[in-house]
Amino acid sequence: IKVFKIGKEQLLIFLTTLLVTIATSLITGILTGIAMTFVIHIILNKSFSFFFKNVAKPNVLMYKEGSEKQNYYVSVTNFCNFLNFYKLKNNLDQIPENEDVIVDFSMCDFVDHTVMLNLSSYIDVFNRKGGHFEVIGLDLHGANTKHPFALRRVLPFKNATASNLTKRQKSLQKIAKEFHWDYTATFPKGKLKLSEFGYFKTRKIKRVSNVIKNKNCSFFDVEFTEGEFIAKQIIRASMMRIELNKTIPSFTLDKEGLFEYIYHFTGYKDIDLKEHPDFSKRFFLSGEHELEIRQFFTDALILFFESNPYYHIESNGKSLLIVDKERLASTKETKALTDFGLRLEKMVS
């Protein structure tokens, strides 16, 4: 009964292993169970080549974000099951259990029961040792049952409902309740008017989901493509949009560094504020109407940006777009970004 609650395919694997073991031997039963699992995974994904091409590839990328105490970010691509879970496990075992870890499956098409079960063990261990372990990127994956360890695979046009929300979606729903905002799992992609921002001029928006919003502020996940043909890349990221009650100058604010050269190359000029040398050294500020931008960036606003974490901030004159990293945000990052956005709205208004 417990196995059936996880999924019908798990019951079939379990019974096959059990019956073959009774009829022959333990080793034969285990090998038959493994073979049955592999066959079921191929049938569910309707592709043998998908597994054959990707099983030997490095499907795990891990790095530490930021120079200070930041997250260990682990991205899993293509598929993750009992055949290649050891790659993910080898990376996770290198991380101290008192650190913060984000495992992102947004670029992974298939995650099996074995992976989900083992990740649950990591969550328990990290929580006991003072760390934080969070799994994200499963919001677009369908599951045949409500069990937390159920096999998950990407569905092309999945309509999330309250009965099959992921753990992250339930956390977003809880955050919305705390802020007295509304939560929507799926959202019309044109309603937030993201195409009005320069950030999306060369990026094509595919879908918007997991929106928590009030009258003026919206936090959301957006899936978009960047580049064309063989260079085309799918990106899923969390952002915040703030509708302003007044008109402000159009500008872009970024951390000084790599993007500075890109902006210079495209004709954008860094606006240096001589009375605030530390701000000018740390931030890249650009926009067409330099005088208006200089007047808008008051001492109080500059102090606000200097005393808060870095975010990519863009104004189109009527609203603000805030981006942290080009990936989905964890629960902690969602709260931090939303809090930052609310305080920035208050400062600008």
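Biologist: Is E226 buried, partly exposed or exposed?

Modeller: In this predicted model, E226 counts as partly exposed, since its relative accessibility is 22%.

Biologist: Which residue does E226 meet in a salt bridge?

Modeller: The side chain of E226 meets that of R203, with 2.8 Å from N to O. R203 lies in strand 8 (residues 203-213) and E226 in strand 9 (residues 217-226), so this salt bridge ties together parts that are 23 residues apart in sequence.

Biologist: And R203, buried or exposed?

Modeller: R203 is buried, because its relative accessible area is 18% and the cut-off for buried is under 20%.

Biologist: How many salt bridges are there in the whole structure?

Modeller: A search of the whole structure gives 18.

Biologist: Which residue pairs with R343?

Modeller: R343 forms a salt bridge with D339, and their closest N and O atoms are 3.0 Å apart. Both residues belong to helix 12 (residues 331-348), where they are four residues apart, about one turn of the helix. R343 is partly exposed at 34% relative accessibility, and D339 is partly exposed at 36%.

Biologist: Which residues are joined into one network by salt bridges that share partners?

Modeller: That network consists of E65, D324, K325, R327 and E333. Within it, K325 forms a salt bridge with E333, the closest N and O atoms being 3.7 Å apart. K325 is partly exposed, with a relative accessible area of 24%, whereas E333 is buried, at 11%.

Biologist: Turning to the interior, which residues touch the most other members of the largest nonpolar core?

Modeller: They are F251, F297, F305, I313 and L344, in a core of 37 residues.

Biologist: What does F251 touch?

Modeller: Leaving aside residues up to four places away in sequence, F251 touches L285, S286, G287, I293, F296, F297, I313, E314, S315 and L320. F297 and I313 thus appear among its contacts and also in the group that touches the most other core members.

Biologist: What lies apart from that core?

Modeller: Another core of 24 residues lies apart from it; L88, M116, I123 and F126 are among its members.

Biologist: Now the surface. Which residues form a nonpolar patch there?

Modeller: The patch is formed by F14, L15, L18, L19 and I22, which together have about 490 Å² of accessible area.

Biologist: Where is L19 found, and is it buried or exposed?

Modeller: L19 is found in helix 2 (residues 8-23). L19 is exposed, because its relative accessible area is 55% and exposed means over 50%.

Key:
Residues are numbered from 1 along each chain as its sequence is written. This is a predicted model: local features need pLDDT of at least 70, side-chain atom pairs count only at pLDDT 80 or more; totals for chains, interfaces and linings use all residues. Side-chain values use heavy atoms; hydrogens and water are left out. Patches are made of residues with over 30% relative accessible area and no salt bridge: like charges are joined within 9 Å, nonpolar side chains (Val, Leu, Ile, Met, Phe, Trp, Tyr) within 5 Å. Accessible areas come from the Shrake-Rupley method with a 1.4 Å probe; for residues, only the protein chains shown count as cover. A salt bridge is a side-chain nitrogen of Lys or Arg within 4 Å of a carboxyl oxygen of Asp or Glu. Helices (H or I, at least four residues) and strands (E, at least two) are DSSP runs, numbered from the N terminus. Buried means under 20% relative accessible area, exposed over 50%, partly exposed in between (1.4 Å probe, protein chains only). A nonpolar core is a set of buried Ala, Val, Leu, Ile, Met, Phe, Trp, Tyr and Cys residues joined through side-chain atoms within 4.5 Å. Contact means heavy atoms within 4.5 Å.
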